[in-house]
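Hi,

Here is the model I promised to pass on. Have a look at it first, and my notes follow underneath.

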Amino acid sequence: MAATLRINEYNGVGETETVNIGDTDMGNVDQANLDPVAHPIVPGDNSFEKWQKIEVVSMGGSTKVHNFKVWRTGALGGAAAHKTNARTAAYGGAPAYAQPTDADSAVATQNMPSSEPASANLGIGGSLAGELTAPGYSDYLVHQLQTNPDDLVGSTSTLNYQHDEVA
Amino acid sequence: MDNTMSKQFIFTNPATGQKEIVQRERWRWVAHYNDGALLRQFEDDTGIFHQFREIDQSKVESFQMVSDKNPEGLNLLIPPQGADLIHFYRKVRLAGTKDWITLYFFGWKIKDDRGRSLQKMICIYPDDRFALVDEIATEGGGKP
């Protein structure tokens, strides 16, 4: 089993933590595990930002967890953009939490990769070269959908989370 | 389902001195030393788990990955001049699921006498197929 990891989401002004989220559906409300049918993004609007972290709950005998990567597979509807702070170069360090917004994100400013990046694009302790040798967290992953009036409603794509682990 | 898959192993964390429970992996490594001795990641007879860093890499002749379905597994010869071993898990999770999919990577890395790095790495996929992979290793150093 090795290390145990989970993905957590943070919402609201109070940085309310929801551990081990089941999905990362995007919508017009700042809510973990939201229902995208009940909370659709109106074409032309943005989704609320998602603020998420990958948490190492226990090492399970492993010595190191590192090399976090995130990317999306599947097409967005129309010309919508999926923005993120995750990047392999000019990484901005660990962003400080701010209440998720549906205005254009000031943190998620680069396109989410649509295939596995060649190297880590989500840091630990503010560095892409960071590693966890004990329970702890990745930096915040911030991402947001930004749509256009002509975009199609109801597109489905999948976010991939990946890490390497030395046992 | 093979009930040995759920077997728990004991590990004493060198950082804390605490004993920890480690679940057996689907694919496990076996280090074959040049004196005929073996070091197994999971010792079935004693229930002890060994970390990768416990391997005496100066003595490793070959590095084998085995599973219950593939007890012979894959046995990778190590260059006679020695090399840095590579072994790590790559785990992927797709949003909408709560399970991490594990890929097993192993191989070696060496530097030739001109300082160039040479790396051989194999990935074992969840369906037990495997492939030679070519990527920049994040593990292992490489002996000059």
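Before the core, a bit of vocabulary: a nonpolar core here is a set of buried Ala, Val, Leu, Ile, Met, Phe, Trp, Tyr and Cys residues joined through C-beta atoms within 7 Å. Buried means that 20 or more other C-beta atoms lie within 10 Å of a residue's own, exposed means 12 or fewer, and partly exposed is in between, with C-beta atoms placed from the backbone. Keep in mind that this is a predicted model, where local features need pLDDT of at least 70 and side-chain atom pairs count only at pLDDT 80 or more, while totals for chains, interfaces and linings use all residues. Residues are numbered from 1 along each chain as its sequence is written, and chains are lettered from A and ligands numbered from 1 in the order in which they are written.

On to the core. The largest one has 49 residues, and those with the most contacts inside it are B:Phe63, B:Ile86, B:Tyr104 and B:Phe106. Strand 10 of chain B gives the most to this core, with five residues; strands are DSSP runs of E, at least two residues long, numbered from the N terminus. Leaving aside residues up to four places away in sequence, B:Phe63 touches B:Trp29, B:Ala31, B:Leu76, B:Ile78, B:Leu85 and B:Phe106 (contact: C-beta atoms, placed from the backbone, within 7 Å). Another core, of five residues, lies apart from the largest one, and B:Phe9, B:Phe11, B:Val22 and B:Phe49 are among its members.

Now the part I'd look at next: the two chains share a sheet. Seven strands form an open antiparallel sheet in the order 7(A)-4(A)-10(A)-9(B)-10(B)-11(B)-12(B) (strands pair if DSSP finds at least two bridges between them). Strand 7 (131-132) of chain A and strand 12 (130-133) of chain B are at the edges, each with a single partner strand, so one side of each has no neighbour in the sheet.

Where do the chains join? Strand 10 of chain A pairs with strand 9 (residues 84-94) of chain B, antiparallel, over six bridges, and A:Glu165 has B:Tyr89 as its bridge partner there. Further along, strand 9 of chain B is joined to strand 10 (residues 101-111) of chain B by nine bridges, with B:Arg90 partnered by B:Leu103. Six residues lie between the strands of that hairpin, and B:Gly96 takes a positive phi near 100°. Strand 10 of chain B also pairs with strand 11 (residues 117-124) over eight bridges, where B:Phe106 is matched with B:Ile122.

The contact as a whole takes 21 residues from chain A and 22 residues from chain B. Strand 10 (residues 158-166) of chain A gives the most to chain A's side, with nine residues.

Chain B also has an open antiparallel sheet of four strands, in the order 4-3-7-8. Within it, strand 3 (residues 27-33) and strand 7 (residues 60-67) pair over seven bridges, and B:His32 has B:Ser62 as its bridge partner.

One last spot, in chain A: A:Pro117 is in the loop between strand 6 (110-111) and strand 7. A:Pro117 is partly exposed, with 16 other C-beta atoms within 10 Å, and touches A:Lys69, A:Trp71 and A:Thr88, not counting residues up to four places away in sequence.

Cheers

Notes: Two residues are in contact if their C-beta atoms, placed from the backbone, lie within 7 Å.
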